[in-house]
Amino acid sequence: MMSTHTLLNIAGILQAAVPVISLIAYLPQWKKLIDTKSSKDISLRSWSIWIISSSISLFYSIVLYKVTGKGIPLIFASSAGLLFVMVTVYLTARYRKHNQL
């Protein structure tokens, strides 16, 4: 059976991989937004809710780190997640405005 220390190390590595996996998932959407310069089929309301959700996740990870001294991979993943959502909202808003001109 794996030790707790080993299990926590594996969990930390997996958590640190989340931003990379997320980035891979976001890239096709960003590419399509940039290539088509159209965001008419993307809901800004949904993505705004994702900003709130990602902000809460980041807040939680920071509090966890302050209280326990652990959770750097979670802070990194939460920060990256929030950044990726914000990029998506920016591109969506930019190309929505661009199409209305």
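1. A good place to start in this predicted model is threonine 88, which has a relative accessibility of 0% and therefore counts as buried. Threonine 88 belongs to helix H3. Leaving aside residues up to four places away in sequence, threonine 88 touches Tyr26, Trp30, Leu33 and Trp47. Keep those names in mind, as they return below.

2. Next, look at tryptophan 47. What does tryptophan 47 touch, not counting residues up to four places away in sequence? The list is Tyr26, Ile42, Val85, Thr88 and Val89. Thr88 is thus met again from the other side, since tryptophan 47 is also among the residues that threonine 88 touches.

3. Now for the rings. There are 4 aromatic pairs in the structure. One of them joins tyrosine 26 and tryptophan 47 in a tilted arrangement, with 6.0 Å from centre to centre and 55 degrees between the planes. This pair links distant parts of the chain: tyrosine 26 sits in helix H1 (residues 4-36), tryptophan 47 in helix H2 (residues 44-68), and the two are 21 residues apart. Are these two residues buried or exposed? Both tyrosine 26 and tryptophan 47 are buried.

4. Tyrosine 26 has a further ring partner, phenylalanine 84. Why is this pair called tilted? The centres of the two rings are 5.7 Å apart and their planes meet at 55 degrees, and planes count as stacked under 30 degrees and as edge-to-face over 60, so the pair falls into the remaining class, tilted. Because tyrosine 26 lies in helix H1 and phenylalanine 84 in helix H3 (residues 72-100), the pair ties together parts that are 58 residues apart in sequence. Tyrosine 26 and phenylalanine 84 are both buried.

5. It helps to view these rings as a group. Tyr26, Trp30, Trp47 and Phe84 are linked into a cluster by ring pairs. Tyr26 is a handy residue to centre your view on, having ring pairs with tryptophan 47 and with phenylalanine 84.

6. How many residues does the largest nonpolar core have? It has 11, including Tyr26, Trp30, Trp47 and Phe84. Leu33, Ile42, Ala80, Val85, Val89, Leu91 and Tyr95 also belong to this core. Helices H1 and H3 each supply at least two of its residues, and H3 gives the largest share, with 6 residues. As background, nonpolar side chains tend to be buried together in soluble globular proteins.

7. The surface deserves a look too. Met2, Leu7, Ile10 and Leu14 form a nonpolar patch there, and together they have about 390 Å² of accessible area. Of these, isoleucine 10 is found in helix H1. With a relative accessible area of 36%, isoleucine 10 is partly exposed, because that value lies between the 20% limit for buried and the 50% limit for exposed.

8. Helix H2 offers two residues for comparison. Arginine 45 lies in this helix and, at 68% relative accessibility, counts as exposed, since the cut-off is over 50%. The C-alpha atoms of arginine 45 and methionine 86 are separated by 13 Å, with their places 41 residues apart along the chain. Threonine 68, also in helix H2, has a relative accessibility of 43% and so counts as partly exposed. From threonine 68 to isoleucine 52, which is 16 residues apart along the chain, the C-alpha separation is 24 Å.

Conventions
Residues numbered from 1 in each chain as written. Predicted model: local features only at pLDDT ≥ 70, side-chain atom pairs only at ≥ 80, totals over all residues. Heavy atoms only, no water. Patch = residues over 30% accessible without salt bridge, like charges linked within 9 Å, V, L, I, M, F, W, Y side chains within 5 Å. Areas by Shrake-Rupley, 256 points an atom, 1.4 Å probe, with all protein chains shown as cover. Salt bridge = Lys/Arg side-chain N within 4 Å of Asp/Glu carboxyl O. Helix = DSSP H or I, 4+ residues; strand = E, 2+ residues; numbered from the N terminus. Buried < 20%, exposed > 50% of the residue type's maximum accessible area, 1.4 Å probe, protein only. Phe/Tyr/Trp six-rings, centres within 6.5 Å; stacked < 30°, edge-to-face > 60°. Core = buried A, V, L, I, M, F, W, Y, C linked by side-chain atoms within 4.5 Å. Contact = heavy atoms within 4.5 Å.
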